[in-house]
Amino acid sequence: MSLRIYNTLTRDLQAFSPIEPGHVRMYVCGMTVYDLCHLGHARSMVAFDVVQRWLRESGFRVTYVRNITDIDDKIIRRAVENGETIRSLTDRMIDALHQDADALGVQRPTHEPRATEYVPQMLSMIGRLEAKGLAYRAGNGDVNYAVRKFPSYGRLSGKSLDELRAGERVAVDDGKLDPLDPVLWKSAKPTEPADAKWDSEFGAGRPGWHIECSAMACELLGETFDIHGGGADLQFPHHETEIAQSEGASGKTFVNTWMHNGFINIDNEKMSKSLGNFFTIRDVLKAFDAETVRFFVVRSHYRSPLNYSDAHLQDARNALRRLYTALDQVSAEPEAVIDWTGPYAARFKAAMDEDFGTPEAVAVLFDLATEVNKTRSPVLAAQLRALGGCLGLLQGDPKAFLQAGASLDDDAIQQLIEQRAQAKKGKDFAEADRIRNELLAQGIVLKDGSDGTRWEMAS
Ligand SMILES: [Zn+2]
């Protein structure tokens with residue numbers, strides 16, 4: 001069987017074959033670098049890292065572009081607040097992004113273009129759109145895209161222009177022909193810092209967000225390429241507009257396969273700063289090791305919603321411990337080559353070939369771990385480690401992973417159990433729960449009985 005991918009554009013699973021045989025060209029929308037990456041970014045980065053790893057494993061050469069938006073309203077505002085240049089803010093945030101991505105085992109893309117380095121390409125695309133009557137200069141100095149002139153606008157998100165418009169707030173007088181018209185070139189405001197504007201035939205200003213991706217993708221991957229990915233929240237207006245701009249300018253199909261990863265929720269609620277349940281990758285890495293976070297993302301399907309909670313992360317940690325425990329018992333052959341005709345590897349491949357079915361692929365790892373526990377076979381242990389490697393997992397030292405979860409010694413555990421008993425006696429149940437959870441975070445489960453509290457390592 002060969003690879004099938006769910007295409008958001010056609011809403012079905014399609015057999016995948018790249019335009020150029022053996023070579024996949026893929027673009028994924030990256031971060032706007034004004035702050036640290038949050039859990040939603042972690043999900044998208046890990047999801048498409050698994051995609052590019054599996055494409056390579058399947059024998060393709062992959063040119064993978066993940067852009068960096070380094071000019072934007074939020075960036076300008078933050079740089080002014082901090083009293084620093086845009087470049088110093090964005091350089092710092094790109095360093096932080098790389099550290100977080102590296103920690104999560106996300107391999108670097110082939111190209112990581114910064115939007116500010118492609119402004120000439122963006123201007124050239126806007127010029128072509130204007131020449132074709134798809135772009136117009138508005139009274140406020142901006143250049144906008146005329147969505148009504150692009151009949152298939154709305155196709156990706158499956159909505160008509162009228163339906164899309166109903167969901168939009170009515171724009172105040174900003175000179176738009178249609179409230180949905182995206183801005184291609186924003187005219188500079190006198191108050192904006194000098195490093196936030198470029199001179200152009202459209203006046204001093206800066207690019208809109210959507211044109212950045214169109215221009216960088218076409219420049220680095222060509223006017224038609226294989227896969228475009230991003231979070232589901234980017235379908236409209238971002239990806240819808242990318243299609244309108246790129247196809248409007250080139251007259252060719254922009255992308256064959258559109259892939260979107262699902263949302264991340266926190267304790268079943270949408271993650272947002274206003275709800276106070278907003279986590280950066282660094283917040284999470286204070287409580288859990290990076291491989292556990294990666295495993296938590298990988299074991300659910302990339303299109304499913306993903307619910308984050310401490311209990312789910314703890315559960316992921318315990319599950320990963322089971323895999324490492326199997327590897328710890330047998331010395332696996334180093335650098336094993338995967339035998340794809342073996343029953344476990346064949347099942348793993350079938351799962352991954354069906355729209356990157358990581359939940360089933362992870363289930364195969366557990367079946368294989370059970371077999372390793374039973375047979376103590378170094379060959380099977382090596383297959384387990386190598387298959388885990390396809391998902392960016394299980395490459396660490398088993399002993400180090402297992403010991404990291406048991407960092408408390410017996411005395412420290414007994415002391416916490418005693419503190420918890422005192423808290424319960426004083427009816428401070430919140431404190432008692434806190435201690436229980438603190439131990440749980442270390443992989444230690446408490447069992448209350450008539451003769452006191454026992455503890456055991458979570459299995
Ligand atoms: Zn984009």
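## Chat about a pocket, three domains and a sheet

Me: What is the volume of the second largest pocket?
Reply: The second largest pocket has about 260 Å³. On a 1 Å grid over the protein atoms alone, a pocket is an open set of points where a 1.4 Å probe fits, with protein on both sides within 12 Å along at least five of seven lines. The volume is the space filled by probe spheres set on the points.

Me: Which residues are closest to its centre?
Reply: Glu335, Ala336, Arg385, Ala386 and Gln395, out of 13 that line the second largest pocket; lining residues have an atom within 4 Å of a point.

Me: Is this predicted, and how is it numbered?
Reply: This is a predicted model, where local features need pLDDT of at least 70, side-chain atom pairs count only at pLDDT 80 or more, and totals for chains, interfaces and linings use all residues. Residues are numbered from 1 along each chain as its sequence is written, and side-chain values use heavy atoms, without hydrogens and water.

Me: Which helix gives the most to that lining?
Reply: Helix 13 (residues 378-390), with five residues. Helices here are DSSP runs of H or I with at least four residues, and strands are E runs of at least two.

Me: New topic: what are the domains?
Reply: The domain assignment, automatic or from a database, gives domain 1 (16-266), domain 2 (309-404) and domain 3 (410-457). The C-alpha centres of domain 2 and domain 3 are 32 Å apart.

Me: And what order do the strands of the open four-stranded sheet have?
Reply: The order is 4-3-9-10, with parallel pairing; two strands pair if DSSP finds at least two bridges between them.

Me: How many bridges join strand 3 to strand 4?
Reply: Six, and Tyr27 stands opposite Val65 in strand 4.
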